[in-house]
Amino acid sequence: MKNVFKWVFILVFSVILLPLLVVFFIYKKAVGKREYDPSVLENLKDEATQNYLKNTAPLSDVDSRYKYIRLKEKATPSAKNIEIGATEDKKIDGPGGKIPLRIYTPKEEGPYEIILYFHGGGFVTGGLQSHDGIARKLVQTTGARVVAVDYRLAPENPFPAAIEDAYAALLWANAHKTSLRNKGTSLIVAGDSTGGNIAAVIAQMAKAKNGPEISKQILLYPATDIFSRDASVLYPSMDQFAEGYVLTKESLDKYFKLYLKNASDRKYDPLVAPIRSKDLSGLPKAFIVTAELDPLRDQGEAYAKKLKDASVPVFAKRLDNTLHGFLKTESKATDETYELISEFLEEK
């Protein structure tokens, strides 16, 4: 009888308890130790922003935790509370293999504006699950059809893998405008953080290659220049919000190194830093939102200015008392951003 209990215990432990312990370990590693500066918390006026800071893991230990973060993000449930018409997961051919896409369709009948959406995550983390809520909210508030692109990540797939996948997805969407029920002849690119970087780069590539036609670009607290420490010379916000505000200067430096693995000599290439392009004229109309308390704030605003100087129509707005990644919070700033995007898409 004792042997029976022994084997039952072993079976329960190996089949149920052990996997749970593994999942718990992965979760703890992915979340990390939450640390924030109490004085920073006191300066945040909005409760949603305060909670976001308290509940978001520091990103400084990127190089040792990115695999755990990815596992956590893949396990993140879809934001089904944000109701839309339907979603469809599919894979398309890309330069490095299959590229996963998720197509979000509104409840309303088409035709639709088609938005290609590129998630943030420092080119190292992020995916369809981590940004599911943002994609759904875009669909719900704008009535557009959103195609989210799960591009390859560094350091396993460093630059230019993400850009190659993004452009391949753009070509695919352009070739399938009829089945996607595109309203017009052009597409829209969008992204947050490093996804905003990809959207900006793809807009420049499409211009250089004479297509596909992109009518608008939506860049949400975008990274537009290098992430190394000397960037603070050009962008004071890099030092002003170097730590204690969710996204840190140290993490940006590490993301940059992982992304440009074996290609550090290309850090000033416009395919890495779109603001470094010598000619921004003729690019699509741009929507750029920045967060006040974000180390990337100044380079996003500098890109908006450089586009304007090149006679590109730009809507640019800084949202006060907000942190990098604020679109993942339920806040007034988030609601305002989606309203502004809707207005931007309605403009001719």
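Ser 281 sits in the loop that links α9 (249-259) to β7 (285-293). Bear in mind as you look around that this is a predicted model. From that loop, the tour below moves on to helix α7 and then to two helix pairs, α6 with α7 and α5 with α11.

**The loop residue Ser 281**

- Is Ser 281 buried, exposed or in between? Its relative accessible area is 29%, and because the in-between class starts at 20% and ends at 50%, Ser 281 counts as partly exposed.
- Setting aside neighbours within four places in sequence, Ser 281 touches Lys 207, Ala 310 and Val 312.
- Lys 308 lies 27 residues from Ser 281 in sequence, yet their C-alpha atoms are 9.0 Å apart in space.

**Helix α7 itself**

- Helix α7 covers residues 194-208, and 13 of its 15 residues are buried, so α7 is largely enclosed by the rest of the structure.
- How does the span of α7 agree with what its 15 residues should give? At 1.5 Å a residue the helix should span 21 Å, and its end C-alpha atoms are indeed 21 Å apart.
- Just beyond the end of α7, Asn 210 adopts a positive phi of about 60 degrees.

**How α6 packs on α7**

- Helix α6 (residues 161-175) packs against α7 at an angle of about 60 degrees, and the two axes are 10 Å apart.
- That angle makes α6 oblique to α7, because the roughly perpendicular class only begins at 65 degrees and the roughly parallel one is under 35.
- The crossing of α6 past α7 is right-handed.
- On the α6 side, the contact is made by Ala 162, Ile 163, Ala 166, Tyr 167 and Leu 170. On the α7 side, Ile 198, Val 201, Ile 202, Met 205 and Ala 206 take part.
- Sorted by class, this contact has 10 nonpolar residues, with no polar and no charged ones.

**How α5 meets α11**

- Helix α5 (residues 132-142) and helix α11 (residues 332-346) cross at roughly 55 degrees, and their axes come within 9 Å.
- With that angle, α5 is oblique to α11.
- This crossing of α5 and α11 is right-handed.
- From α5, Ile 134, Lys 137, Leu 138, Thr 141 and Thr 142 meet Tyr 338, Ile 341, Ser 342 and Leu 345 of α11.
- Here the contact of α5 with α11 has five nonpolar, three polar and one charged residues.

Note on methods
Residues numbered from 1 in each chain as written. Predicted model: local features only at pLDDT ≥ 70, side-chain atom pairs only at ≥ 80, totals over all residues. Heavy atoms only, no water. Axes fitted to C-alpha atoms, helices over the stretch in contact; angles between N-to-C directions. Helix = DSSP H or I, 4+ residues; strand = E, 2+ residues; numbered from the N terminus. Parallel < 35°, antiparallel > 145°, perpendicular 65-115°, else oblique. Left-handed = near helix turned anticlockwise from the far one by under 90°. Contact = heavy atoms within 4.5 Å. Nonpolar A, V, L, I, M, F, W, Y, C, P; charged D, E, K, R; others polar. Expected span 1.5 Å × (residues − 1). Buried < 20%, exposed > 50% of the residue type's maximum accessible area, 1.4 Å probe, protein only.
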